[in-house]
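Here is a quick tour of one protein fold, starting with the whole chain and then zooming in on a single helix. Have the structure open while you read.

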Amino acid sequence: MRRAERLAAWRAGLPRRIERALRRWELTPGDTLAERDASRVLAVRGPDGAALVLKCAPPGQAIVAEADALRALGGRGVVRLLAADPAEGLLLLERAVPGT
């Protein structure tokens, strides 16, 4: 399968992945903050009302590496990784607010 076909299949399944993530992590959806061919970033609220971000990308080495790096940095100079499901291509992140 070519890259374009893989991305099309990933995009077609994205709504189901997002719904599962919202239920699993008890999130309330907000606006789409960014959308590209190979990613979507959504504003969400956690069960406690905290402003968070759900990043969705195709499963693979890139999302695994991003999760590993964020986990290793532990919020030092970057947003904190709160949860990850690399097999689904999902990262739950704290939301960065400019000026804070």
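## Overall fold and helix α2

The protein has two helices and five strands, and the model we're looking at is a predicted one. Going along the sequence, the elements come in the pattern α-β-β-β-α-β-β. The radius of gyration is 13 Å, close to the 13 Å from the globule rule for 100 residues, so the protein is as compact as a globular protein of that length. Some whole-protein numbers:

| Property | Value |
|---|---|
| Box filled by C-alpha atoms, along the principal axes | roughly 45 × 25 × 25 Å |
| Residues that count as buried, of 100 | 34% |
| Exposed area | about 6200 Å² |
| Share of the exposed area from carbon and sulfur atoms | 52% |

Of the contacts between residues at least 6 apart in sequence, 44% link residues at least 24 apart.

Now for α2. This helix covers residues 61-73, and its 13 residues should span 18 Å at 1.5 Å a residue, which agrees with the 18 Å between its end C-alpha atoms.

Which residues of α2 are buried? They are Ile63, Ala67 and Leu70. They sit on the same side of α2, because the arc they cover around the axis is only 70°. That fits the general picture: an α-helix has 3.6 residues a turn, so residues three or four places apart point the same way. The cover over the buried residues of α2 includes β4 (81-85) and β5 (90-94).

Flip to the face turned away from the buried side of α2, and you'll find the exposed residues Gln61, Ala62 and Ala72. After α2 comes glycine 74, with a positive phi near 55°.

Note on methods:
Residues are numbered from 1 along each chain as its sequence is written. This is a predicted model: local features need pLDDT of at least 70, side-chain atom pairs count only at pLDDT 80 or more; totals for chains, interfaces and linings use all residues. Side-chain values use heavy atoms; hydrogens and water are left out. Helices (H or I, at least four residues) and strands (E, at least two) are DSSP runs, numbered from the N terminus. The expected span of a helix is 1.5 Å times one less than its number of residues. Buried means under 20% relative accessible area, exposed over 50%, partly exposed in between (1.4 Å probe, protein chains only). The arc is that of the directions from the helix axis to the C-beta atoms. Contact means heavy atoms within 4.5 Å. The radius of gyration is taken over C-alpha atoms; the globule rule is 2.2 Å times the number of residues to the power 0.38. Accessible areas come from the Shrake-Rupley method with a 1.4 Å probe; for residues, only the protein chains shown count as cover.
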